[in-house]
Amino acid sequence: DALPISSQRYPDIRIEGENYLPQPIYRHVASFLSVFKIILIGLIVVGKDPFALFGIQTPGLWLWGQENKVYACMMVFFLSNMIENQCMSTGAFEVTFNDVPVWSKLESGQLPSLQQLVQILDNEMKLNVPMDAIPHHRS
């Protein structure tokens, strides 16, 4: 919605989007969950009981998963994906103008309205006018 308006008003501005990486601990948790998910699904499909290796009594949930392999695999897949996505989501919406930050959702906790974004860009355009573009008056 804002892209056509901004490109009409500011034809020389290039708008780019990119991912904002979460904190390293969250990236590591998401990576671990991704690998653990594949191993767990593999164990369910093959039918191996990992608890027997450690001398632990097999939980009822695992026995249910062995009887309902398709449902168990789907449950593991979707639940782990949900947690992985939550770990990787930052909710960032950062706006920079000439490599200078002008809006941060991470700092403000909210998205700018279209009116706020236009006002910010107008102010930045006024502040960043090159000196040779300003008409000089001689007295």
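Is Lys37 buried or exposed? Here are some friendly notes to help you find your way around, beginning with that residue.

1. **Lys37.** Please keep in mind that you are looking at a predicted model. In this model Lys37 has a relative accessible area of 7%, and because buried means under 20%, Lys37 counts as buried.

2. **The partner of Lys37.** Which residue forms a salt bridge with Lys37? The partner is Glu84, and the closest N and O atoms of the pair are 3.3 Å apart. The two residues come from distant parts of the chain: Lys37 sits in helix 2 and Glu84 in helix 5, with their positions 47 residues apart in the numbering. A search of the whole structure turns up one salt bridge.

3. **Glu84.** Now look at the other end of the pair, in helix 5. Glu84 has a relative accessible area of 12%, so it is buried as well. If you set aside the neighbours within four places in sequence, Glu84 is in contact with Ala30, Leu33, Ser34 and Lys37.

4. **Helix 2 from end to end.** Helix 2 covers residues 24-46, which makes 23 residues. At 1.5 Å a residue, the helix should span 33 Å, and the C-alpha atoms at its ends are indeed 33 Å apart, so the two values agree. Just after the helix comes Gly47, with a positive phi of about 90°.

5. **The buried side of the story.** Which residues of helix 2 are buried? They are Ala30, Leu33, Lys37, Leu40, Ile41 and Ile44. Among the elements that cover these buried residues are helix 4 and helix 5.

6. **A nonpolar patch on the surface.** Turning to the outside, you will find a nonpolar surface patch of about 730 Å². Leu61, Trp64, Tyr71, Met75, Leu79, Met82 and Ile83 make up this patch. Helix 4 (60-67) and helix 5 (69-88) are the elements that give two or more residues to the patch. Helix 5 gives the most, with five residues.

7. **Tyr71, a patch member.** Tyr71 is a good residue to pick out when you view the patch; it lies in helix 5. Its relative accessibility is 57%, and because exposed means over 50%, Tyr71 counts as exposed. Helix 5 therefore holds both an exposed residue, Tyr71, and a buried one, Glu84.

Key. Residues numbered from 1 in each chain as written. Predicted model: local features only at pLDDT ≥ 70, side-chain atom pairs only at ≥ 80, totals over all residues. Heavy atoms only, no water. Patch = residues over 30% accessible without salt bridge, like charges linked within 9 Å, V, L, I, M, F, W, Y side chains within 5 Å. Areas by Shrake-Rupley, 256 points an atom, 1.4 Å probe, with all protein chains shown as cover. Salt bridge = Lys/Arg side-chain N within 4 Å of Asp/Glu carboxyl O. Helix = DSSP H or I, 4+ residues; strand = E, 2+ residues; numbered from the N terminus. Buried < 20%, exposed > 50% of the residue type's maximum accessible area, 1.4 Å probe, protein only. Expected span 1.5 Å × (residues − 1). Contact = heavy atoms within 4.5 Å.
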